[in-house]
Amino acid sequence: MIVTINPATGEKIAEYPVMIAGQLDSVLRQAEADFRRWCSIGFEERRACMKRLGELLRAEAAEHGRLVTLEMGKPLAQAVAEVNKCAWVCDYFADHAEEFLRPEESEIDGSRGVVRFEPLGVILGVMPWNFPYWQVIRFAAPAMMAGNGIVVKHAPNVTGCSIAIEKLFRDAGFPEHLYRAVHIDLDEVDRLTGFMIDHPVIKAVSVTGSTGAGRAVATKAGRALKRSVLELGGSDPYIVLDDADLRQAVDACVAGRLLNAGQSCIAAKRFIVQSGVIEEFTRMVVEKMQRAVMGDPFRDGTEVGPIARADLRDLVHSQVQRSVEAGAALLCGGHVPNAPGCYYPPTVLSGVKKGMAAYEEEIFGPVATIIEVADDDEAVAVSNDSDYGLGSAVFSGSAERALAIAEQLETGNCFVNAMVKSDPRLPFGGVKQSGYGRELSHHGIREFVNIKTLLLPG
């Protein structure tokens with residue numbers, strides 16, 4: 001059985017039966033049968049189903065938001081906002097998929113060259129708990145509008161969310177088995193995920209999660225010669241130059257660090273600050289972090305809820321302790337509250353240097369790491385001195401100066417004078433250990449299609 005736990009209280013929420021290989025085989029074959037019907041229908045019918053899904057998400061946002069908060073601890077206002085953002089991505093791909101997948105034609109030596117974008121089949125998604133609705137819907141909406149079927153292996157601690165999402169697709173009018181959720185015992189994840197990737201029904205796989213999980217799945221997909229898209233961990237640098245608007249920079253940095261209690265691949269994790277403004281920046285960050293309200297995620301005004309699981313909270317604390325032992329200064333937070341739940345307070349570390357855990361590792365919690373640099377060149381060098389390359393941000397009063405830095409950063413995206421966010425209109429993904437491939441926009445929808453070339457008589 002899968003047992004879900006409320007991270008705010010430590011109390012058991014529910015138990016769910018797990019699936020074995022025979023049941024997974026049945027799910028995959030049912031998904032394949034519905035895919036065969038779905039891929040042959042036109043964009044109008046696909047669009048109608050996707051629009052209804054968006055309508056349901058908006059109408060039931062409060063209900064689904066409560067489930068997110070209950071299972072993984074996100075403050076309720078943030079959870080409801082996540083569900084509403086899912087409705088946006090449904091509408092976006094309902095409106096634009098046909099345009100993005102329109103055949104391209106060209107003249108080739110008197111013949112007619114045609115490039116078509118055709119669905120691959122059933123795509124496996126391996127999804128994380130930190131944004132349990134958004135991560136799934138942003139993957140599924142474009143893939144299904146392209147004509148594919150979907151099977152999702154979600155994180156066990158958000159199994160209730162996984163079941164609710166499957167019901168949403170059916171209620172929206174999609175074929176019964178076109179979107180399916182599977183539930184696997186934690187001890188069987190590696191073996192049964194491999195079973196599904198090897199299965200002839202599965203044509204590709206998308207993973208959002210840790211670098212370790214991505215590496216394991218990519219190895220299996222590579223062995224099976226199946227396409228994969230990986231959106232993995234990050235240690236996003238937020239560079240604050242000496243001509244930045246400090247209030248704007250601090251507001252964005254703290255918001256980017258505390259959203260979802262810091263449990264985001266694109267959270268602001270390393271604050272790389274030039275010497276001329278570091279003292280004032282640090283003072284302002286500490287004040288803002290100390291004022292952040294931590295507590296019951298269902299209570300109005302709560303800004304920081306619990307970490308999703310006790311083992312994850314303990315890892316964050318270990319990383320902070322190891323950094324302090326290595327010479328970092330603990331300016332606030334940095335302790336495990338003597339209270340029920342998996343809480344960890346907003347924490348600030350300064351004087352962070354290479355070799356410390358806070359410099360080298362991704363900290364998946366509300367911990368701000370402040371690193372001092374002398375000039376623009378050092379800011380770039382420190383930013384790129386990471387195994388990760390997902391998001392980044394630059395704060396400066398000069399657009400030209402910020403752009404010159406942004407162009408040198410080894411990341412999948414860079415935001416100037418703003419916190420990093422995913423947006424259906426823009427491609428999203430990383431480089432280095434943060435993965436490969438892109439989600440969202442016309443780039444994302446083309447990840448899971450067969451780009452077929454035709455050469456026809458002129």
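Trainee: How many disulfides does the structure hold?

Mentor: The structure, a predicted model, holds 0 disulfides.

Trainee: How do you know that C161 is in no disulfide?

Mentor: The nearest cysteine sulfur to that of C161 belongs to C86 and is 10 Å away. A disulfide requires two cysteine sulfur atoms within 2.5 Å, so C161 does not qualify.

Trainee: What makes C332 a cysteine without a bonded partner?

Mentor: The closest cysteine sulfur, in C253, is 14 Å from the sulfur of C332, which is too far for a bond. The cut-off is 2.5 Å, and therefore the pair is not called a disulfide.

Trainee: Why are C161 and C332 each called buried?

Mentor: The term applies under 20% relative accessible area. C161 has 0% and C332 has 7%, so both cysteines meet it.

Trainee: Where does C161 lie, and which other residues of that element are buried?

Mentor: C161 belongs to helix 6, where the buried residues also include T159, G160, S162, A164, I165, E166, L168 and F169. Among the elements that cover the buried residues of helix 6 are strand 1 (2-5), helix 2 (43-59), helix 5 (134-145) and strand 7 (179-182).

Trainee: How do you know what span to expect of helix 6?

Mentor: The expected span is 1.5 Å times one less than the number of residues. For the 13 residues of helix 6 (159-171), this gives 18 Å, and the distance from its first C-alpha to its last is close to that, at 18 Å. Just after the helix, G173 takes a positive phi of about 100°.

Trainee: What makes strand 3 and strand 4 a pair?

Mentor: Pairing needs at least two bridges. Strand 3 (residues 104-108) and strand 4 (residues 111-119) are joined by 5 and run antiparallel, so the condition is met. One of the bridge partnerships links E104 to V115 in strand 4. The two strands form a hairpin with 2 residues between them, and D109 in the turn has a positive phi of about 50°.

Trainee: Why is strand 4 also said to pair with strand 20?

Mentor: There are 8 bridges between strand 4 and strand 20 (residues 449-456), in the antiparallel sense, against a requirement of at least two; the pair therefore qualifies. Here R116 has K452 of strand 20 as its bridge partner.

Trainee: Why is the contact between E15 and K12 called a salt bridge?

Mentor: The N to O distance between their side chains is 3.0 Å, and the limit is 4 Å, so the name applies. K12 is called exposed because its relative accessible area of 52% is over 50%. E15, at 41%, lies between the 20% and 50% limits and is therefore partly exposed.

Trainee: What makes R191 and E188 another such pair?

Mentor: Their side chains meet at 2.6 Å, N to O, which is within 4 Å. Both residues are partly exposed, R191 at 48% and E188 at 27%.

Trainee: Why does the pair of R401 and D243 tie together parts that are apart in sequence?

Mentor: The closest N and O atoms of R401 and D243 are 3.2 Å apart, and they form a salt bridge. R401 lies in helix 14 (residues 399-406), whereas D243 lies in the loop between strand 10 (236-240) and helix 9 (246-258), so the parts tied together are 158 residues apart in sequence. R401, at 22%, and D243, at 29%, are partly exposed.

Trainee: Which residues are joined into one network by salt bridges that share partners?

Mentor: That network consists of K51, R58, D91 and D95. The structure holds 34 salt bridges.

Key:
Residues are numbered from 1 along each chain as its sequence is written. This is a predicted model: local features need pLDDT of at least 70, side-chain atom pairs count only at pLDDT 80 or more; totals for chains, interfaces and linings use all residues. Side-chain values use heavy atoms; hydrogens and water are left out. Helices (H or I, at least four residues) and strands (E, at least two) are DSSP runs, numbered from the N terminus. Buried means under 20% relative accessible area, exposed over 50%, partly exposed in between (1.4 Å probe, protein chains only). Contact means heavy atoms within 4.5 Å.
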